[in-house]
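Here is a guided walk through a fold, meant to be read with the model open beside you. Take a moment to look it over before we begin.

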Amino acid sequence: MQRIGQGYDTHQLVKGRPCIIGGVKLPFEKGLAGHSDADVLIHAIIDALLGAAGKGDIGQLFPDTDSTFKGANSRELLKQVYKQLIDEKFSIINIDATILAEKPKMQPYLKKMQENIAFDCQIDAERVNVKATTSEKMGFVGRQEGIAALAICLLEKNTI
């Protein structure tokens, strides 16, 4: 049985925080606000994976009211989600994700983001696609107030 999941996340850009996206620390004067490291890309992917598995969302599994996750590395959260999927006999067929940001420019870092996600999910990098776009200076992304990410994934449930 195959199942599709989608995910979306957004975080505000603020001074005084690192800009970590896809597990890559980007050289930028602002970072993303959040309870954890605010990795918008990995958060969207976690939501897509949990959605496909019928397991709710990132806020249910890692609530921002729990001090355990204060400053958490989102790659570690992704690894926990991957383990839960494996325990429930799911395998990841593919992940496709899009980052929405005016700045910083993502192109030089997309391959490393893809490799990080593939490594954390123990799948071939060819099964992960990460791309980026701007919002043509419209909305909160266009005004550089925040960054958003969308993700979709396909899981297969092993019934044997």
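What follows goes from the sheet to the helices packed on it, then to a loop and to the salt bridges. Please keep in mind that this is a predicted model.

Let us begin with the sheet. Five strands make up an open sheet in the order E4-E1-E7-E5-E6, and the pairing in it is mixed. At the edges are E4 and E6, the latter covering residues 128–133, and each of these pairs on one side only. As general background, strands of a sheet pair through backbone hydrogen bonds, either parallel or antiparallel.

How many bridges join strand E1 to strand E7? Eleven bridges do so, with E1 spanning residues 2–14, E7 spanning residues 146–157, and the two running antiparallel. If you would like a place to check this pairing in your viewer, find Thr10, which stands opposite Ala148 in E7. E1 also pairs with E4, again in the antiparallel sense, over two bridges. Here the residue to look for is Val14, whose bridge partner in E4 is Gly31.

Now turn to what lies against this sheet. Helix H1 packs on the sheet and touches E1, E4, E5 (90–100), E6 and E7. The direction of H1 makes about 155° with that of E1. Helix H4 packs on the sheet as well, touching E5 and E6, and its direction makes about 145° with that of E6.

H1 deserves a closer look. The helix has 14 residues and reaches 20 Å from its first C-alpha to its last, close to the 20 Å expected at 1.5 Å a residue. Is H1 largely enclosed or exposed? Of its 14 residues, 13 are buried, so H1 is largely enclosed by the rest of the structure. Just after the helix comes Gly54, which has a positive phi, near 70°.

Step back along the chain and you reach the loop that leads into H1. Ser36 sits in this loop, between strand E4 (31–32) and helix H1 (40–53). With a relative accessibility of 9%, Ser36 counts as buried. A polar atom of the Ser36 side chain lies 3.1 Å from the backbone nitrogen of Ala38. Setting aside residues up to four places away in sequence, Ser36 touches Arg17, His43, Phe69, Gly71, Ala72 and Ser74.

Asp37 belongs to the loop between E4 and H1 too, and its relative accessible area of 12% makes it buried. A polar atom of the Asp37 side chain is 3.2 Å from the backbone nitrogen of Asp39. Which side chain does Asp37 join through a polar contact of 2.4 Å? The partner is Ser74. Beyond its neighbours within four places in sequence, Asp37 is in contact with several residues, including Arg17, Ile20, Leu32 and Asn73. For a distance you can check directly, take the C-alpha atoms of Asp37 and Asp9: they are separated by 13 Å, with the two positions 28 residues apart along the chain.

The last stop is the set of charged pairs. A search of the whole structure finds eight salt bridges. One of them joins Arg75 to Asp120, with the closest N and O atoms 2.6 Å apart. Why does this pair tie together parts that are 45 residues apart in sequence? Arg75 lies in helix H3 (residues 74–87) and Asp120 in helix H4 (residues 110–120), so the bridge spans that separation.

Asp120 also meets the side chain of Lys79 in a salt bridge, at 4.0 Å from N to O. This pair, too, links distant parts of the chain, with Lys79 in H3 and Asp120 in H4, 41 residues apart. The two partners can be compared by accessibility: Asp120 is buried at 2% relative accessible area, whereas Lys79 is partly exposed at 31%. Taken together, Arg75, Glu76, Lys79 and Asp120 are linked in a network of salt bridges.

Another salt bridge joins Arg143 and Glu145, whose closest N and O atoms are 2.8 Å apart. In this pair Arg143 is exposed, with a relative accessible area of 51%, while Glu145 counts as partly exposed at 37% relative accessibility.

Notes:
Residues are numbered from 1 along each chain as its sequence is written. This is a predicted model: local features need pLDDT of at least 70, side-chain atom pairs count only at pLDDT 80 or more; totals for chains, interfaces and linings use all residues. Side-chain values use heavy atoms; hydrogens and water are left out. Helices (H or I, at least four residues) and strands (E, at least two) are DSSP runs, numbered from the N terminus. Buried means under 20% relative accessible area, exposed over 50%, partly exposed in between (1.4 Å probe, protein chains only). A polar contact is a pair of N or O atoms within 3.5 Å; within protein, one must be able to donate a hydrogen and the other to accept it, and residues adjacent in sequence count only if both atoms are side-chain atoms. Contact means heavy atoms within 4.5 Å. The expected span of a helix is 1.5 Å times one less than its number of residues. Two strands pair if DSSP finds at least two bridges between them. Axes are lines fitted to C-alpha atoms, for helices over the stretch in contact, and angles run from 0 to 180 degrees between N-to-C directions.
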